Amino acid sequence: MSTPTSHRDLKVWQIGVDLTETFYRLTATWPKHEQYGLVNQIRRAAVSVPANIAEGAGRRTTGEFRHFVGVARGSLAELETLLLVAHRLGYVDRPTYESVAADLFELGRMATGLLRSLGDTPSSS
């Protein structure tokens, strides 16, 4: 992998920021009683994805970068679970759920590709 000049050059970071915005907008109209529960947890997990990619890219070693990309992948799995819970509770309709879940899956594939380019071969995407 050619070394990016900045985390801003990474497509996976750019899409992570876009997806974070999607989750903030999606949760904006959810019930007030979820504000400190599901809404907060989803937003924290969403922002964790591009934040960890940025932090990893800013570290000194490839091993550290891999670590933070791995943390971002963990946040993507958490988001997938939280999105499913929100869908089951009726906060997210089926078309929105399917669209956002597909975006999460694609971002996960990109993060896995980044890990591979950094010399790691994760067992699953």
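Colleague: How many aromatic pairs does a search of the whole structure find?

Modeller: The model is a predicted one. Searching the whole structure for paired aromatic rings gives a count of one.

Colleague: Which residues form that aromatic pair, and is the pair stacked, edge-to-face or tilted?

Modeller: A pair of aromatic rings is described by the distance of the centres and the angle of the planes. Here the centres lie 5.3 Å apart and the planes meet at 35°. Stacked pairs need an angle under 30 degrees and edge-to-face pairs one over 60. The pair of W30 and Y91 is therefore tilted.

Colleague: How many residues apart in sequence are the parts that this pair ties together?

Modeller: W30 belongs to the loop between α1 and α2, and Y91 to the loop between α3 and α4. The pair therefore ties together parts whose separation in sequence is 61 residues.

Colleague: Is W30 buried or exposed?

Modeller: The cut-off for a buried residue is under 20% relative accessible area. W30 has a relative accessibility of 6%, so W30 counts as buried. Its partner Y91, at 21%, is partly exposed. The answer for W30 is buried.

Colleague: Which residues have the most contacts inside the largest nonpolar core?

Modeller: This core has 32 residues. Helices α1 (11-27), α2 (38-57), α3 (62-88) and α4 (94-117) each supply at least two of them. The residues with the most contacts inside the core are F23, W30, L79 and L83.

Colleague: Which residues does F23 contact, leaving aside neighbours within four places in sequence?

Modeller: F23 is located in α1 and is buried, with a relative accessible area of 1%. Its C-alpha atom is separated by 8.8 Å from that of V100, 77 residues apart along the chain. With the sequence neighbours left aside, the contacts of F23 are I42, A46, L79, L83, V100 and L104.

Colleague: Which residues does L79 touch, not counting residues up to four places away in sequence?

Modeller: L79 is one of the buried residues of α3, and the cover over the buried residues of this helix includes α1, α2 and α4. Under that exclusion, L79 touches F23, I42, A45, A46, V49 and L104.

Colleague: How far apart are the end C-alpha atoms of α3?

Modeller: Helix α3 has 27 residues, which at 1.5 Å a residue should span 39 Å. The separation of the end C-alpha atoms agrees with this expectation, at 39 Å.

Colleague: At which residue does α2 bend?

Modeller: The 20 residues of α2 should span 28 Å, and the end C-alpha atoms, 29 Å apart, agree with that. The helix nevertheless has a bend of about 30°, and a proline, P50, follows within four residues of the bend. The residue at the bend is S48.

Colleague: What is the radius of gyration of the protein?

Modeller: The protein has four helices and zero strands, in the order α-α-α-α. For 125 residues the globule rule gives 14 Å, and the computed value is close to this, so the protein is as compact as a globular protein of that length. The radius of gyration is 15 Å.

Colleague: What share of the contacts with a separation of 6 or more comes from residues 24 or more positions apart?

Modeller: The aromatic pair joins parts 61 residues apart in sequence, and L79 in α3 touches F23, which is in α1. For the protein, residues 24 or more positions apart account for a share of 67%.

Methods:
Residues numbered from 1 in each chain as written. Predicted model: local features only at pLDDT ≥ 70, side-chain atom pairs only at ≥ 80, totals over all residues. Heavy atoms only, no water. Core = buried A, V, L, I, M, F, W, Y, C linked by side-chain atoms within 4.5 Å. Buried < 20%, exposed > 50% of the residue type's maximum accessible area, 1.4 Å probe, protein only. Helix = DSSP H or I, 4+ residues; strand = E, 2+ residues; numbered from the N terminus. Contact = heavy atoms within 4.5 Å. Expected span 1.5 Å × (residues − 1). Bend = angle between axes of the 7 residues up to and from the residue. Phe/Tyr/Trp six-rings, centres within 6.5 Å; stacked < 30°, edge-to-face > 60°. Rg over C-alpha atoms; globule rule 2.2 N^0.38 Å.
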